[in-house]
Amino acid sequence: MMSWSKTACLHTHLPSSRHRAFTSLSRSEHTTADCGRRLFRTNANAYGNGASDAGSSRVIMPGSQGANNQRQQQPGRSGSSSGLILPGKGGSGKMPQLGNTPVNNFRPPPGFMDSLDAKQPVAEDPQKLLAKLKTGAGYWHELARALPALQRAGFDWLNIEAETGLERALQSIWTIAGQVYDSLKEQANFPQEKLKYFNPEDSEYKLYPMRILAVTARGPVAEYIADHDLNTTDSEVVIKAFKEHERRNGVKQGFAYTPADALAFKYYRDAGETRRKHEIRDFIDRGLAVAETERAKATLRAFIEEEAAPSAAAADPAQLAILRLTHEEMAFRAVAVVGNWATASAAAIQQAPSVKQQGSFSIFETQGQQQWVMMPAWSAVMAAAQPVAFSIDDCSKLDVLLQQTKKKEDKQRLQGEGLLLLDRAIPEVQESEYYVVDEGGSLRLKTGSEVAETGSPLARVLFCSRPPRAEMAETAYP
């Protein structure tokens, strides 16, 4: 009820036409409104005269005077430095002060930012620019310069399309093709008279794909398009062929850095990618028709001559398979096997030969009756400086290996032959590793802490390798 009373009080000072709208109030509503009106009238008198009591309540209206006869200024009105100053509406003529430091009141001249780009028709009224676009008064590249100016004036592509009927897709094409046109116009070595070739309607579709080319490469391509009067589709083919020629370095394959040879290089690559005889001949003929250098023509002729030569494989029914090995298949290292661990001696370790693997196939040369084993290129094998191996008849008979197992099943799995791989180079003795030592002519395996007490070891133990299980058809694991 109180909120309605305040609303009724506020409406009593509305114009008469609005005031009459409240005459339809019911009797009870009139009573409430009258009570509120009397309260409002009392406060309004005090408010207008500025003589209200200190404890009385009153309604302060924006733009009215307060208790000290100071007018409450509305935001955005002139006459106060704290108001909102709108562009073109002026203000108090003074800039606000921030503390004791005055703010620089310099203002750039109108059109300062627009004047940075002399190509844009920024001096014209936006409505005139819209009218030009709507009527098509000018070449497409001249009308395209109005689009950035309208966007700076606050028009987006949807607004421009609604006002002129120029579709958004065409606006984008005009903008980009216009930039390409301007880049050609600025090139000193580009014939300016050939720019007229791109004046007619739909010429923007010939320049639009040229956005992928460097500015310096656009001139020769544009000249080629103008000289041969190419349509939109053929123009795009030449532009993409020139870019592909640059990316694949077609000069090394005999095709010069020109639009004609770039197009011939495209047909040369097309001929190499197809397997149909008639298409190969067709692509080569197209390349010979557009190539302009003798080297490019010779490359094309050599290609067709090679294809026309009779194939020896077609006359011989026998076939020879050609297989390509992988790095994983060639990843191995040759290690000398110097004997059986049961009869091993210190001399066998010290006199073990080593080989050097060379070439793409890791070929190595050996002498005498020495046995060798090919070990996978594991990190431990490749890191060994002087690897050597001993064969083991039964791994379950080796005490050191039995100590590594706890369950009976694990001990049973140790049964069978193995290969003990060592490294004669010992950079530093580690307590966590095993070493080979000579004890009265017999070789023993000792830990690093035990070796420190007995003397210098002969070799360091890398690991014990087991052959693949019967069920492991392809891959063997240690």
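This is a guided tour of selections to make in the viewer, with a note on what is found at each stop.

The model is predicted, and for that reason local features are described where pLDDT is at least 70, side-chain atom pairs count only at pLDDT 80 or more, and totals for chains, interfaces and linings use all residues. Residues are numbered from 1 along each chain as its sequence is written, and side-chain values use heavy atoms, with hydrogens and water left out.

**Stop 1: salt bridges**

Begin with the charged side chains, among which the structure holds 15 salt bridges, a salt bridge being a side-chain nitrogen of Lys or Arg within 4 Å of a carboxyl oxygen of Asp or Glu. Side chains of opposite charge can pair when their charged atoms come close.

Select Asp182 and Arg145, which form a salt bridge whose closest N and O atoms are 3.1 Å apart. This pair links distant parts of the chain, 37 residues apart, with Asp182 in helix H8 (residues 168-186) and Arg145 in the loop between helix H5 (140-144) and helix H6 (146-152). Helices (H or I, at least four residues) and strands (E, at least two) are DSSP runs, numbered from the N terminus. Both Asp182 and Arg145 are buried, where buried means under 20% relative accessible area, exposed means over 50%, and partly exposed lies in between (1.4 Å probe, protein chains only).

Next select Lys194 and Glu223, a salt bridge in which the closest N and O atoms are 3.4 Å apart. Lys194 lies in the loop between H8 and helix H9 (204-207) and Glu223 in helix H10 (residues 215-228), so the pair ties together parts that are 29 residues apart in sequence. Glu223 is partly exposed, with a relative accessible area of 23%. Add Asp227 to the selection, and the network of salt bridges that links Lys194, Glu223 and Asp227 is shown.

For a pair within one helix, move to Glu244 and Arg247, whose side chains meet in a salt bridge at 2.7 Å, N to O. Both residues lie in helix H11 (residues 232-248), three residues apart, about one turn of the helix. Glu244 counts as partly exposed, at 23% relative accessibility, whereas Arg247 is exposed, with a relative accessible area of 57%.

**Stop 2: two backbone angles**

Select Asp202, in the loop between H8 and H9, where phi is near 75°, a positive value in a residue other than glycine. Asp202 counts as partly exposed because its relative accessibility is 42%.

Then select Asp229, in the loop between H10 and H11, a residue other than glycine that also has a positive phi, near 50°. Asp229 counts as exposed, at 53% relative accessibility.

**Stop 3: the loop between H15 and S3**

Which residue here is buried, and which is exposed? Met330, found in the loop between helix H15 (312-315) and strand S3 (332-340), is buried, with a relative accessible area of 17%. His327, which lies in the loop between H15 and S3, is exposed, with a relative accessible area of 74%.

Now add Ser360 and draw two C-alpha distances. Met330 and Ser360 are 30 residues apart along the chain, with their C-alpha atoms separated by 8.5 Å, and His327 and Ser360 are 33 residues apart in sequence and 9.7 Å apart, C-alpha to C-alpha.

**Stop 4: a nonpolar surface patch**

Select Leu325, Phe361 and Ile363, which make a nonpolar surface patch of about 330 Å². Patches are made of residues with over 30% relative accessible area and no salt bridge, like charges being joined within 9 Å and nonpolar side chains (Val, Leu, Ile, Met, Phe, Trp, Tyr) within 5 Å. Accessible areas come from the Shrake-Rupley method with a 1.4 Å probe, and for residues only the protein chains shown count as cover. Within this patch, Ile363 sits in the loop between helix H16 (346-350) and strand S4 (371-376), and Ile363 counts as exposed at 59% relative accessibility.

**Stop 5: the largest pocket**

Finish with the largest pocket, which is lined by 22 residues, of which Trp341, Lys397, Leu398, Asp399 and Leu443 lie nearest its centre. The elements that give two or more residues to this lining are strand S5 (387-392), helix H18 (399-403) and strand S8 (442-447), and S8 provides the largest share, six residues.

On a 1 Å grid over the protein atoms alone, a pocket is an open set of points where a 1.4 Å probe fits, with protein on both sides within 12 Å along at least five of seven lines, and lining residues have an atom within 4 Å of a point.
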